[in-house]
Structure formats: structure tokens, C-alpha cells
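This briefing goes through one protein model by topic. Please keep the sequence and the coordinates open while reading.

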Amino acid sequence: MRAAILEGVNQSFKINNTEDPQLHDGQVIVDVKYCALNHRDLWISLGQYAGLKFPIILGSDISGVSEGENVFINPSYQWGADSRFQSNDFQILGLPSNGGLAEKVAVYKSQIHAFPKHLSFIEASAIPLAGLTAYRALCSRANAKASDKVFISGIGGGVALFALQFALSLGCEVFVSSSSDDKIEKAISLGAKSGINYNDDQWNKKFLANHGGMDVIIDGAGGKDFSKLIKICNPGGRISLYGATQGAWEGLVVQQIFWKQLSILGSTMGSDEDFAKMVSLIDYNKIRPVIDSVFPLNQINEAIDHMAKGKQFGKIVIDITA
């Protein structure tokens with residue numbers, strides 16, 4: 001089969017022919033049509049991820065055909081018996097096991113789901129990892145409901161956009177932030193009420209003056225602006241944190257957390273139950289993911305470079321059949 005193979009840190013992907021995947025008990029082959037990228041793939045290629053091994057076929061977000069059925073794959077495997085947190089055996093497809101940047105992938109049958117009929121193969125591939133992460137952060141952890149005002153940081157990335165779409169489908173009033181005014185305007189066109197550019201050091205004060213406090217905040221950045229998220233959060237609010245692209249928190253005033261009775265909720269990927277509920281939400285509301293661009297497999301390095309530049313709005317999808 002043809003695959004994009006990564007042989008080491010800071011190396012380009014190589015398109016080579018390699019052996020078809022070997023099946024373990026309970027596994028089946030999926031003939032891959034499309035595979036969407038995640039920042040996880042970029043970070044692995046840069047050596048900024050735990051458990052690295054090479055050579056590896058990356059790719060966690062897959063749509064294709066298995067046993068004659070159009071399917072997508074839950075990349076979250078061996079979550080475990082406790083819905084509150086993942087087990088020690090938890091894995092994400094695409095490292096340590098080979099993923100979907102190949103013509104075939106071996107996955108456990110329990111990971112395979114028929115995707116909603118209103119979706120194309122391209123759209124279905126864009127959902128699994130980012131959609132699951134957003135659903136758990138917003139719904140399972142923060143328990144967002146229709147009366148909530150929701151703030152989503154860093155709009156434009158896959159998880160943030162799914163959080164926006166899911167929150168809107170729940171009836172929430174949604175606000176966003178970005179370093180790009182263009183991305184904020186695009187989010188407003190999708191249904192966000194307003195947004196703020198976080199390059200302004202006083203953005204939190206201006207935001208509070210114009211929009212008041214937030215009940216739920218979804219953040220994947222951390223870093224120096226996390227303290228400002230605390231400030232725009234209403235008493236009793238919930239901050240759901242799924243990433244730390246900006247590093248450690250800075251300038252955090254702990255007193256504001258306990259005095260406001262805030263909940264800071266860590267969230268990673270999601271359980272099988274989360275995935276099933278996410279699919280039901282997407283199907284019921286006929287949600288379509290935002291697609292930034294589609295690259296053929298032989299342009300995988302250009303696609304990774306496009307992601308690294310951070311200009312995308314929505315998911316970057318690789319056409320494995322091209």
C-alpha cells in the first residue's frame with residue numbers, strides 16, 4: 001500500500017509503498033479515503049510529543065470503507081471503565097499504532113462507526129479527534145446548556161470550531177477570541193455573537209465592558225492569557241482546558257478562583273460514550289465541519305507546512321486516493 005511515512009524528528013514525510021497492516025484479534029481493515037490532520041501530527045513531526053517512535057504512519061482522523069460500509073473511526077482507544085478519566089492503556093490512533101495517512105489502516109471493530117448520511121467522506125474525516133475533544137470539553141466536562149454564555153479561545157483551529165458549532169447547536173450565546181480579525185469575522189458568520197483580538201493587552205477589560213462575564217470558557221492555549229480568562233469568568237463559571245499551546249499559566253491570581261467559586265476542568269479526547277453522543281449531536285443538528293483545504297497525499301509536506309503557519313480556518317484534509 002501507499003503511505004506517508006515519517007522516519008524521524010524534523011524530517012519530511014516520504015510517500016512510499018509499504019506492507020499492508022497486520023491484523024490483531026478484533027481488528028479489521030479500513031480502506032482509507034480521507035485523513036484529516038491535527039496539530040498532534042505536527043507536534044510529533046517536530047519531536048514535541050511523548051512516546052515517539054519511528055518510522056510511523058501518522059493520522060488520527062479517518063474516513064473510508066470497511067466491509068462495504070462508509071465509516072469513520074473513533075481514534076480514542078482503550079479509554080477504560082471509568083468515564084471520568086482515561087486508563088493507563090489509553091491510546092490515540094496514529095501513535096503508537098500506525099494511522100490513516102495510508103491506503104489501509106488496521107483498527108479494532110469497536111472503533112468503527114457509520115458516519116451521518118448528510119456528511120461527505122471529506123467532512124466525515126474532519127470530525128473524529130477534534131470533534132471528540134470539543135464535545136467532551138464543552139458537554140461532558142463543562143456541562144454547557146442553552147442559558148450559558150460561552151467563550152472559546154483561539155478560534156480557527158479544529159477543536160475551537162467544533163466547540164463553537166456544538167455550543168450554537170445547544171442554544172448557547174457564543175463569543176470567541178483570535179489573533180486574527182479575519183478569523184473572528186468568519187466565526188461571526190458561523191453564528192458567534194462577537195469576538196476579541198487577544199493581541200490587545202487590555203482585551204479582557206474591553207471584552208467585559210462590552211459583553212459581561214462568561215459562564216463557560218473553552219481554552220486550548222494556557223499561557224499568559226489564562227489569568228485573563230479567570231477575570232472574564234462569571235462566579236460559578238467553568239473553564240474547560242484541553243491544551244496548552246502557549247505553555248504554563250502566568251500571573252494567576254489564585255484568590256480569584258476560589259472567591260468566584262470557579263471550576264477548572266482538565267479534558268483530553270473522550271470516551272466511547274462521548275464519541276457516540278457527539279455523533280448523535282452532529283446527526284440531529286446536521287452539523288457540517290469547517291474545511292480549510294484538501295491536499296493530495298503526495299503534498300502531505302505542504303499540508304503540514306500550511307498547518308505550521310497557523311493561517312488555516314478549519315480542518316486540513318488529505319486525499320489518500322489522489
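The points below cover overall form, aromatic contacts, unusual backbone geometry and one arginine. The model is predicted. The protein has 10 helices and 17 strands, and its radius of gyration agrees with that of a compact globule of 322 residues.

**Overall form**

- The radius of gyration is 19 Å, and a compact globule with 322 residues would have a value near 20 Å, so the two agree.
- The C-alpha trace spans about 60 × 35 × 35 Å along the principal axes.
- Of the 322 residues, 53% are buried.
- Among contacts with a sequence separation of 6 or more, 71% are between residues 24 or more positions apart.
- About 13,900 Å² of the protein is exposed, and 48% of that area comes from carbon and sulfur atoms.

**Aromatic contacts**

- The structure contains 11 aromatic pairs.
- One of these pairs is Phe-151 with Trp-203: the ring centres are 5.7 Å apart and the planes meet at 5°, under the 30 degrees required, so the pair counts as stacked.
- Phe-151 belongs to strand S10 (residues 149–152) and Trp-203 to helix H6 (residues 203–211), so this pair ties together parts that are 52 residues apart in sequence.
- Phe-151 and Trp-203 are both buried.
- A cluster of Phe-72, Phe-115, Phe-121 and Phe-275 is linked by ring pairs.
- One member of that cluster, Phe-121, also has Lys-33 over its face, at 5.3 Å from the ring centre.

**Cis peptide bonds**

- Most peptide bonds are trans.
- The bond joining Phe-54 and Pro-55 is cis, with omega at about -5°.
- Pro-55 sits in the loop between helix H1 (39–45) and strand S4 (61–66).
- A cis bond also runs from Leu-95 to Pro-96, where omega is near 15°.
- Pro-96 sits in the loop between strand S7 (91–92) and strand S8 (104–108).

**Positive phi values**

- Most residues other than glycine have a negative phi.
- Asn-143 has a positive phi, near 50°, and lies in the loop between helix H3 (128–141) and S10.
- The relative accessible area of Asn-143 is 53%, which is over the 50% cut-off, so this residue is exposed.
- Met-269 also has a positive phi, near 50°, and lies in the loop between strand S15 (263–266) and helix H9 (272–285).
- Met-269 has a relative accessibility of 4%, which is under the 20% cut-off, so this residue counts as buried.

**Arg-2**

- Arg-2 is part of strand S1 (residues 2–5).
- A polar atom of the Arg-2 side chain lies 3.1 Å from the backbone oxygen of Ile-320.
- Leaving out residues up to four places away in sequence, Arg-2 touches Ile-15, Asn-16, Asn-17, Ala-102, Glu-103, Leu-297, Ile-320, Thr-321 and Ala-322.
- Ile-320 thus appears both in that contact list and as the residue whose backbone oxygen lies 3.1 Å from the Arg-2 side chain.

Conventions
Residues are numbered from 1 along each chain as its sequence is written. This is a predicted model: local features need pLDDT of at least 70, side-chain atom pairs count only at pLDDT 80 or more; totals for chains, interfaces and linings use all residues. Side-chain values use heavy atoms; hydrogens and water are left out. Rings of Phe, Tyr and Trp (its six-membered ring) pair if their centres lie within 6.5 Å; planes under 30 degrees apart count as stacked, over 60 as edge-to-face and the rest as tilted. Helices (H or I, at least four residues) and strands (E, at least two) are DSSP runs, numbered from the N terminus. Buried means under 20% relative accessible area, exposed over 50%, partly exposed in between (1.4 Å probe, protein chains only). A charge sits over a ring if NZ of Lys or CZ of Arg is within 6 Å of the ring centre and within 35 degrees of the ring normal. The radius of gyration is taken over C-alpha atoms; the globule rule is 2.2 Å times the number of residues to the power 0.38. Contact means heavy atoms within 4.5 Å. Accessible areas come from the Shrake-Rupley method with a 1.4 Å probe; for residues, only the protein chains shown count as cover. A polar contact is a pair of N or O atoms within 3.5 Å; within protein, one must be able to donate a hydrogen and the other to accept it, and residues adjacent in sequence count only if both atoms are side-chain atoms.
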